[in-house]
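Work through the exercises below with the sequence and the model at hand. Each task is followed by a solution in steps.

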Amino acid sequence: MIQFTVLTLFPEMFAPLQESILKRAQEAKLVKVQFVNFRDYAISKHKNVDDIPYGGGVGMLLKPEPIFAAIRDLPKPCGRRKVILMSPQGEVFRQEKAKEWAEEGELVFICGHYEGFDERIRELADEEVSIGDYVLTGGELAAMVMIDAVARLVPGVLGEDASAEEDSHSISLLEYPQYTRPADFEGRQVPEILLSGHHALIKRWRRKESLRRTFSRRPDLINAVTFRPEDYSILEELILEHEEIAAWQDLWKHLCPRPKRRRKSSHNPASKLSEDSH
Ligand code: 4FV
């Protein structure tokens, strides 16, 4: 079971976590989500959680006292606890990070709002992470994105029929095209190969389409791909279909199948030759 503890001024924003897969995961006690409204820890009579920036500047900043008090008041962690600060200055969140966090016992998310945080709040965080190079009005949506990406990696959350293994990015390749019924939609056919039942050829087609899509859409991912021996012939075909792919050939030239060494056999004239030579 993994626990998500969210420090936020707007717990009601997290209603989407009470739907579908994440709702079932909580009912199945595979995931627990709890909220702490750090306004409850505000010390000023007006319960202020934000204030103007020293040195001037626009907007308001979150004050350290309520957030420090809220973190210090958290119950003893069940398992390893990791405190995460969401901000545009953080490391960009990727599938690798989701996999890493799915091994933790508890993730505590500190959701910012307004202009940002008093710098001293960063002291509380084990990690600072961003969901992308754009600015949100608050950290809540970022926390929900991360909770969703991590929760679905917890065993049992994605029912039997779904596995996170084949996901885009989990094998650092984009997912291959997928189709379901009808086989013909307004004249748009499902590729024959997928109707063939020939699993090895389907597996090869899917690998080829994942590689093709990644080369064309996310060439920045190619250097992280672990190429397999069976990729060599697929990549040779892709080069014939997209010559620009040849630029990456060095990444898999080591996979070039060595020419089969012809076994010296009695009826092989060549060997005969050598035999005679002695
Ligand atoms: C953000 C992001 C983000 C910045 C000021 C909330 C806002 C306010 N968080 N990834 N991008 N946060 O824009 O995580 O605190």
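**Exercise 1.** Determine how strand 4 and strand 7 run relative to each other and how many bridges join them.

Solution. Strand 4 (residues 61-62) and strand 7 run parallel and are joined by two bridges. Strands here are DSSP runs of E with at least two residues, and helices are runs of H or I with at least four, numbered from the N terminus. Two strands pair if DSSP finds at least two bridges between them. One bridge partner can be named: Leu61 is matched with Gly116 in strand 7. This is a predicted model, in which local features need pLDDT of at least 70, side-chain atom pairs count only at pLDDT 80 or more, and totals for chains, interfaces and linings use all residues. Residues are numbered from 1 along each chain as its sequence is written, and side-chain values use heavy atoms, leaving out hydrogens and water.

**Exercise 2.** Place these strands in their sheet and find its edges.

Solution. The sheet is open, has three strands in the order 3-4-7, and shows mixed pairing. Strand 3 (50-51) and strand 7 (116-117) each have a single partner strand, so one side of each lacks a neighbour in the sheet.

**Exercise 3.** Describe the largest nonpolar core.

Solution. A nonpolar core is a set of buried (under 20% relative accessible area, 1.4 Å probe, protein chains only) Ala, Val, Leu, Ile, Met, Phe, Trp, Tyr and Cys residues joined through side-chain atoms within 4.5 Å. The largest one has 29 residues, and Phe4, Trp101 and Leu107 are among those with the most contacts inside it. Helix 4 gives the most, with eight residues. Apart from this core lies another of 20 residues, including Ile110 and Phe117.

Notes
Buried means under 20% relative accessible area, exposed over 50%, partly exposed in between (1.4 Å probe, protein chains only).
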